[in-house]
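Welcome! Could you walk me through this protein, one part at a time?

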Amino acid sequence: MPGEEKTIYDLRGLKCPLPVLKARKRIASMAAGALLEIETTDPMAVIDIPHFCREDGHSLEAACPAEGGHRFLIRKGA
């Protein structure tokens, strides 16, 4: 939803499996329904982040290329 507050987490420069491990730890402390936007330069993130969301019950709201990597918007599940 436009204007919805989100937490931005810069994971650029980290290699697999660190982006997923750090995203998992950060989102664990967030309320259900909260948005976490992560930025990563790890090429495996395009596979790992969607898999992480499916396995942990989160919704991948958006995934798009960003300068030097990718940006993902994740909504925390219940």
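Here is a short tour, from the sheet to the helices, the core and a few single residues.

Please keep in mind that this is a predicted model. Let us begin with the sheet. It is an open sheet of 4 strands, placed in the order E1-E2-E4-E3, with mixed pairing. At its edges lie E1 and strand E3 (59-66), each of which pairs on one side only. On average, neighbouring strands in this sheet are turned by 15° against each other, if direction is ignored.

Now look at how E4 is held by its partners. E2 and E4 run antiparallel and are joined by 6 bridges; within this pairing, Ile38 has Phe72 in E4 as its bridge partner. E3 also pairs with E4 in the antiparallel sense, over 7 bridges. Here you can find Ser59, whose bridge partner in E4 is Arg75. Together E3 and E4 make a hairpin with 2 residues between them, and in the turn Gly68 has a positive phi of about 80°.

With the sheet in view, we can add the helices. H2 packs on the sheet, where it touches E2, E3 and E4, and its direction makes about 5° with that of E4. In H1, the buried residues are Pro19, Val20, Ala23 and Ile27. They sit on the same side of H1, because the arc they cover around the axis is only 95°. Their cover includes strand E1 (6-10), E2, H2 and E4. Turn to the face of H1 that points away from this buried side, and you meet the exposed residues Lys25 and Ala28.

What lies between these pieces? In soluble globular proteins, nonpolar side chains tend to be buried together. In this model, the largest nonpolar core has 14 residues, and those that touch the most other members are Ile27, Leu36, Ile38, Ile49, Phe52 and Ile74. At least two core residues come from each of helix H1 (18-28), strand E2 (35-40), helix H2 (45-56) and strand E4 (69-75). The element that gives the most is H2, with 4 residues.

Leu36 is a good place to pause. Leaving aside neighbours within four places in sequence, Leu36 is in contact with Thr7, Tyr9, Ala23, Arg26, Ile27, Met30, Phe72, Leu73 and Ile74.

Next, the cysteines. How many disulfides does the model have? The count comes to 0 disulfides. Cys16 is in none, and the nearest cysteine sulfur, that of Cys53, is 15 Å away. Why does Cys53 not form a bond with Cys64, which has the closest cysteine sulfur to its own? The two sulfurs are 14 Å apart, and that is too far for a bond. The surroundings of the cysteines can be compared too: Cys53 is buried, with a relative accessible area of 2%, whereas Cys16 counts as partly exposed at 42% relative accessibility.

Our last stop is Lys15, which has its place in the loop between E1 and H1. Is Lys15 buried or exposed? Its relative accessibility is 52%, so Lys15 counts as exposed. Beyond its neighbours within four places in sequence, Lys15 is in contact with Asp42 and Pro43. Lys76 lies 61 residues away from Lys15 along the chain, and the C-alpha atoms of the two are separated by 23 Å.

Notes
Residues numbered from 1 in each chain as written. Predicted model: local features only at pLDDT ≥ 70, side-chain atom pairs only at ≥ 80, totals over all residues. Heavy atoms only, no water. Core = buried A, V, L, I, M, F, W, Y, C linked by side-chain atoms within 4.5 Å. Buried < 20%, exposed > 50% of the residue type's maximum accessible area, 1.4 Å probe, protein only. Contact = heavy atoms within 4.5 Å. Disulfide = S-S within 2.5 Å. Arc of directions from axis to C-beta. Pairing = 2+ DSSP bridges. Axes fitted to C-alpha atoms, helices over the stretch in contact; angles between N-to-C directions.
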